Amino acid sequence: MIAGAGQAGFQTAASLRQDGFAGRIVMVGDEPGLPYQRPPLSKAYLMGKTTAEALTFRPEKFFVDNRIEIVAQTRVTAIDRTNKRVALSSGETLDYDHLVLALGAHNRALPIRGAALEGVFGLRTLADADAIGAMLADAHEVVVAGAGFIGLEFGAVASALGKSVHVLELADRTMARAISPAMSQLFAAAHASWGVNIDFGQGLAALAGERGRVCAVETTDGRKRPADVVVVGIGVLPNAAIAAEAGLDIDNGIKVDAELLTSDPTISAIGDCASFPSPYTGSHIRLESVQNAADQGRAVAARLMGRAAPYGAVPWFWSDQRDLKLQIAGLSIGADTTIVVGNRDERRLSVLCFRGDKLLAVESVNRGADHVAARKMFARGTPPLTPAEASRPDFDLKAWEAATR
Ligand SMILES: Cc1cc2nc3c(=O)[nH]c(=O)nc-3n(C[C@H](O)[C@H](O)[C@H](O)COP(=O)(O)OP(=O)(O)OC[C@H]3O[C@@H](n4cnc5c(N)ncnc54)[C@H](O)[C@@H]3O)c2cc1C
């Protein structure tokens, strides 16, 4: 049984069937419709360049043909570990031999005055994107709280649609939790060139409304700005409550071991909700990415089919903001040295992030070949590339990867 019908849940079910699992697969998800991809929600979907139907991982026929039962619009409300049974919001119960928790994450709420006004959104689900899209059409003034991936992707879309966009960011740079200062700088400059105003060191303090709809925001330094639409993108929290209530170990998410098993050997946890031991950091981490959700789904399916192995897939991530395609291979947490290769003026560059002599991550913008080379390098183990070598004027990552294969 799979709780959560998103990226990780879908992948588990699809991989189980691909790997020859013949038993019953039931996937319970609280959203309506078929499982779908989230990344386009803040990109092509809001731009009107793709449809809701195109977001689904597979058409209905796939689930019928593969005997994957989807119980939609239904929450798993409790886990009875003694009887290996879950309770559903419909009042029904479902028994399991093995339970996969693929519950994702929810938007961090902003506990400020006016947060419940119409026109104030988070961006997590198709329903959120539809609601934002409907209001964005007539909006002029857009305010975004948070210059993380989702806030900036949305800001990029809104500015491309001709809206006046103001982003408020408490930190002093863009996407500060995930990328190097050099890359943050490139994105800040790009957004400025698109007319997106980013106010660093500023948060949202309060929202003002008229007839129940947002009309202005107040920043933490006391300034007021008009706002027709406000999108809050200040991070997410793992959906771990039902796991905690069932007595499973929690540590910034549902804690799992190297094989993605929780403290109960009949329950796995994967994707955004799971905190796993990463061979890349040597600590438990939680990642919010398609790669992580999909690879962990594959890993759990393989284990259930008798091919257990410690999870150690190379972490990678991407973000599209107008003509900039950011791709990251590896994890830059703890980096102390960065080397920039490529052309800053043309916005085609890679930032190599090192801790001492150890390469931790490669962040690339519009340099897909570097990203592919970096993923290949990390898949083989820690690449023996030093900052000194990467600093050579003629250094080329793709050629270096090929030469050291
Ligand atoms: C707007 C947006 C843009 C993104 N862009 C990118 C990108 O460019 N690149 C990238 O790598 N990643 C991106 N991500 C992140 C990526 O989509 C997630 O990391 C991925 O979806 C995680 O998969 P998951 O299965 O863990 O969680 P989800 O896909 O969120 O699925 C979890 C599902 O479980 C449901 N659920 C929760 N609790 C219960 C319950 N008790 N009972 C039943 N169902 C429940 C949730 O409602 C949800 O449907 C983006 C995310 C968003 C929101």
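Which domains does the shell around the ligand draw at least three residues from? Domain 1 (2–106 + 237–304) and domain 2 (109–234) each supply at least three. Keep in mind that what you're looking at is a predicted model. Let's walk through the domains, the ligand's surroundings, one helix pair and a handful of residues worth finding in the viewer.

**The domains**

- The domain assignment splits the protein into domain 1 (2–106 + 237–304), domain 2 (109–234) and domain 3 (323–403). Notice that domain 1 is written as two stretches of sequence, 2–106 and 237–304.
- If you take the centres over C-alpha atoms, domain 1 and domain 3 sit 32 Å apart.

**Around the ligand**

- The ligand is surrounded by 36 residues, and the closest are Gly4, Gly6, Ala8, Gly104 and Gly271.
- Two or more residues of that shell come from each of these elements: helix 1 (7–18), helix 8 (290–304) and strand 22 (316–321).
- What's the chemical mix of the shell around the ligand? You'll find 17 nonpolar residues, 12 polar ones and 7 charged ones.

**Helix 1 meets helix 8**

- Both of these helices give residues to the ligand shell, and they also pack against each other: their axes come within 8 Å and cross at roughly 35 degrees.
- Is the crossing of helix 1 and helix 8 left-handed or right-handed? For this pair, the crossing is right-handed.
- On the helix 1 side, the contact is made by Gln7, Ala8, Gln11, Thr12, Ser15 and Leu16. Helix 8 brings Val290, Ala293, Ala294, Gln296, Gly297, Arg298, Val300, Ala301 and Leu304.
- Sort the residues of this helix contact by type and you get 8 nonpolar, 6 polar and 1 charged.
- Ala8 is a nice one to click on, since Ala8 is part of the contact with helix 8 and is also listed among the closest residues to the ligand.

**Leucine 287, just ahead of helix 8**

- Leucine 287 has its place in the loop between strand 21 (283–285) and helix 8.
- Is leucine 287 buried or exposed? Leucine 287 counts as buried because it has 20 C-beta neighbours inside 10 Å.
- Leaving aside neighbours within four places in sequence, leucine 287 is in contact with Asn292 and Pro315. Proline 315 is 28 residues away along the chain, yet the two C-alpha atoms are separated by 8.6 Å.

**Tyrosine 96**

- Look for tyrosine 96 in the loop between strand 6 (93–95) and strand 7 (99–101).
- Tyrosine 96 has 19 C-beta neighbours inside 10 Å, so it counts as partly exposed.
- Not counting residues up to four places away in sequence, tyrosine 96 touches Met1, Lys84 and Val86.
- How far apart are tyrosine 96 and lysine 43, C-alpha to C-alpha? The gap in space is 37 Å, with their positions 53 residues apart in sequence.

**Two residues with positive phi**

- Most residues other than glycine have a negative phi, which is the background for the next two.
- Glutamine 73 has a phi near 55 degrees, a positive value, and lies in the loop between strand 3 (68–71) and strand 4 (76–80). With 12 C-beta neighbours inside 10 Å, glutamine 73 counts as exposed.
- Asparagine 366 also has a positive phi, near 50 degrees. You can spot asparagine 366 in the loop between strand 26 (358–365) and helix 9 (368–379).
- Asparagine 366 has 18 C-beta neighbours inside 10 Å, so it counts as partly exposed.

Methods: Residues numbered from 1 in each chain as written. Predicted model: local features only at pLDDT ≥ 70, side-chain atom pairs only at ≥ 80, totals over all residues. Near = placed C-beta within 6 Å. Helix = DSSP H or I, 4+ residues; strand = E, 2+ residues; numbered from the N terminus. Nonpolar A, V, L, I, M, F, W, Y, C, P; charged D, E, K, R; others polar. Domains from an automatic or database assignment. Contact = placed C-beta atoms within 7 Å. Axes fitted to C-alpha atoms, helices over the stretch in contact; angles between N-to-C directions. Left-handed = near helix turned anticlockwise from the far one by under 90°.
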